[in-house]
Amino acid sequence: MAHLLGAEGLRLEYPTKVVFDGVSLGVDEGDRIGIVGRNGDGKSSLMRMLAGLVEPDSGRVTVRGGVRVGVLSQADELDDDLSIREAVVGDLAEHEWAGDARVRDVIAGLLGDLDWEGPIRGLSGGQRRRVSLAALLAGDWDVIFLDEPTNHLDVEGIAWLAEHLKRRWSAGSGALLVVTHDRWFLDEICTATWEVHDRIVEPFEGGYAAYILQRVERDRQAAAIEARRQNLARKELAWLRRGAPARTAKPKFRIDAANELIADVPEIRDPVALQSLAVTRLGKDVVDLLDAGVTYGDRVVLEKVEWRVAPGERTGILGVNGAGKSTLLGLVSGTVAPTAGRVKHGKTVKVATLSQRMSELDEHLQDPVRVVVSRLRTSYTIGSGSKAQDLTPGQLLERMGFTSAQLSTPVKDLSGGQKRRLQLLLVILDQPNVLILDEPTNDLDTDMLAAIEDLLDSWAGTLIVVSHDRYFLERVTDQQYAVLGGRLRHLPGGIDEYLRLRREQPARTGAAPAPGAPATGGSAAATVSGAPALAGSDRRAAEKEVASIDRRLERLQRDIGGVDAELADAHEDYERLLQLQRRRDELVAETTQLEERWLELGEALDA
């Protein structure tokens with residue numbers, strides 16, 4: 001692979017902090033690199049140094065001659081006086097941009113619901129973000145840097161973006177570097193992961209799941225100085241292996257190492273104990289929506305909603321912006337009255353909502369963190385039975401990532417992510433038995449998301465989550481519903497079923513295509529397509545070939561293990577070493593070829 005850019009001995013220092021010291025890295029053609037780490041450790045700073053937007057205090061960044069670099073930063077740099085068309089394709093004639101399949105795909109995937117000739121001025125923050133992303137992706141770049149590209153995208157938009165980026169870099173030309181807290185997105189597109197921590201950048205092979213596996217192994221071999229962080233990573237690995245349907249369809253040889261590492265990790269939640277405790281706290285009746293509907297003027301938002309929320313139920317809610325998710329949550333919490341049907345709340349129900357506005361903190365802005373938490377409760381119990389733990393406010397704050405120094409910090413001086421964690425803690429300390437989370441993952445890094453998921457695992461009550469973070473939604477909920485066409489629909493197939501339903505929806509509703517888009521539909525979901533679906537004898541043949549490949553890959557792994565053992569014994573026989581190494585290279589090459597075929601067949605079978 002050709003080298004595109006590199007960094008040597010980078011050092012970056014702010015008046016109160018050394019961010020990087022002696023960092024050396026390289027980016028080659030075909031690389032798709034995810035950058036992860038805790039908030040404040042320097043992920044965006046690293047990206048800006050590599051992109052040439054920030055000068056390091058020492059060291060240098062080199063870019064191969066002729067390499068074009070494009071950057072999506074978190075700052076809004078759009079010109080209000082331009083139209084959307086001008087911001088995305090500039091002064092190109094229509095036949096030029098409309099004749100480019102990639103540009104048409106970008107427009108349809110990100111801007112299908114916007115007025116192509118409309119002004120930038122007046123767009124919402126999320127719409128402006130999509131225009132900026134579309135403008136970058138419509139350009140011709142060799143290396144693209146994306147800083148939080150999934151912000152303001154819904155589940156469909158994120159799925160489209162992942163598919164677009166994979167197609168764009170499938171040929172191996174160019175490179176992509178992305179900073180994001182969306183773990184599903186990282187796992188879907190990345191071939192490598194860089195972890196930023198303690199002034200260094202540590203590279204790992206593969207996407208998020210592979211990174212977690214390697215990090216657990218690294219910590220285990222190094223005797224795990226950060227014991228709590230390792231335990232969270234091990235628990236998350238157990239989820240990756242056991243939980244998400246998309247991650248169970250892996251070749252057996254790929255997960256043997258993971259199985260060994262999580263052999264002693266219990267299931268992430270004890271559903272029987274939590275259900276029993278939830279019934280004790282709630283009774284049998286929680287919230288019943290009976291033929292409920294909500295109409296604002298002439299607009300029907302929800303109609304004929306039948307949903308009996310059970311004690312201990314953990315439900316994710318999906319739907320496009322404006323579909324009625326917030327109205328549905330209002331019916332459950334009691335802040336919205338139905339205009340049709342009725343809503344029944346159990347006598348012991350206590351609902352709390354984690355909103356996006358963080359209004360719970362307004363009255364505490366001048367108070368130190370420790371004081372705010374201690375006012376609510378002197379101790380808090382998590383878990384049940386023999387696993388129950390009583391934690392002090394300080395211990396809870398530590399569990400949520402607050403350092404000793406930050407406990408004395410006034411709330412107004414906290415970062416966005418710290419405020420979000422404190423907000424969740426205050427809601428939980430109030431001990432509701434029905435918890436509604438509305439986009440809870442905003443401003444949180446991957447480590448802190450894992451900590452919050454761990455806290456929710458031991459929370460006994462009914463949990464309802466609205467989120468565009470697919471990983472979080474699959475991780476903390478046991479079932480999903482969608483608001484589609486004003487109705488509430490159960491999704492036995494989870495988020496994949498929702499995306500399929502949304503792909504079908506434009507064809508049924510006759511949605512107009514975006515400029516330059518194919519006539520079959522202009523939604524983001526309409527452009528998300530994999531291999532054609534297989535049926536009949538073709539499907540049976542593909543399934544048979546997958547099974548055959550699985551068996552062959554297992555044999556190859558055993559053969560490679562045997563060669564490795566022989567290599568260890570032949571360290572004094574140079575000729576034998578060369579023969580064995582050639583044999584091992586052949587086995588690895590065949591393994592790689594079979595893996596690619598296995599993935600190709602898997603995509604066709606899942607379509």
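A residue is called buried when its relative accessible area is under 20%, exposed when that value is over 50%, and partly exposed in between. Glu-148, at 6% relative accessibility, therefore counts as buried. The structure described here is a predicted model, and the points below take up its charged surface patches, one helix, two residues with a positive phi, and a pair of residues separated along the chain.

**Charged surface patches**

- Lys-544, Arg-551, Arg-555 and Arg-558 together form a positive patch on the surface.
- One of these residues, Arg-558, belongs to helix α20, which covers residues 536-569, and its relative accessibility of 55% is the reason why Arg-558 counts as exposed.
- A negative patch on the surface is made up of Asp-79, Glu-86, Asp-91 and Glu-96.
- Within this negative patch, Asp-79 is found in the loop that runs between β5 (69-72) and α2 (84-89), and because its relative accessibility is 40%, Asp-79 counts as partly exposed.

**Helix α5**

- Helix α5 comprises 14 residues (125-138), which at 1.5 Å a residue should span 20 Å, and the C-alpha atoms at its ends are 20 Å apart, so the two values agree.
- The helix is mostly covered, in that 11 of the 14 residues of α5 are buried.
- The buried residues of α5 include the arginines Arg-128, Arg-129 and Arg-130, and also among them are Val-131, Leu-133, Leu-136 and Leu-137.
- Gly-126, Ser-132, Ala-134 and Ala-138 are likewise among the buried residues of α5.

**Positive phi outside glycine**

- Glu-148 is not a glycine, yet it has a positive phi of about 55°; this residue lies in the loop between β6 (143-147) and α6 (155-168).
- Asp-291, which is not a glycine either, has a positive phi of about 50°, and its place is in strand β10, formed by residues 287-296.
- With a relative accessible area of 41%, Asp-291 is partly exposed, whereas Glu-148 counts as buried at 6% relative accessibility.

**A contact across the sequence**

- Glu-360 and Gln-423 are 63 residues apart along the chain, while their C-alpha atoms are separated by 6.6 Å.
- Glu-360 is located in the loop between β14 (351-354) and α14 (369-376), and since its relative accessibility is 21%, Glu-360 counts as partly exposed.

Conventions:
Residues are numbered from 1 along each chain as its sequence is written. This is a predicted model: local features need pLDDT of at least 70, side-chain atom pairs count only at pLDDT 80 or more; totals for chains, interfaces and linings use all residues. Side-chain values use heavy atoms; hydrogens and water are left out. Patches are made of residues with over 30% relative accessible area and no salt bridge: like charges are joined within 9 Å, nonpolar side chains (Val, Leu, Ile, Met, Phe, Trp, Tyr) within 5 Å. Accessible areas come from the Shrake-Rupley method with a 1.4 Å probe; for residues, only the protein chains shown count as cover. A salt bridge is a side-chain nitrogen of Lys or Arg within 4 Å of a carboxyl oxygen of Asp or Glu. Lys and Arg count as positive and Asp and Glu as negative; His and the chain ends are not counted. The place of a charge is taken as NZ of Lys, CZ of Arg, CG of Asp or CD of Glu. Helices (H or I, at least four residues) and strands (E, at least two) are DSSP runs, numbered from the N terminus. Buried means under 20% relative accessible area, exposed over 50%, partly exposed in between (1.4 Å probe, protein chains only). The expected span of a helix is 1.5 Å times one less than its number of residues.
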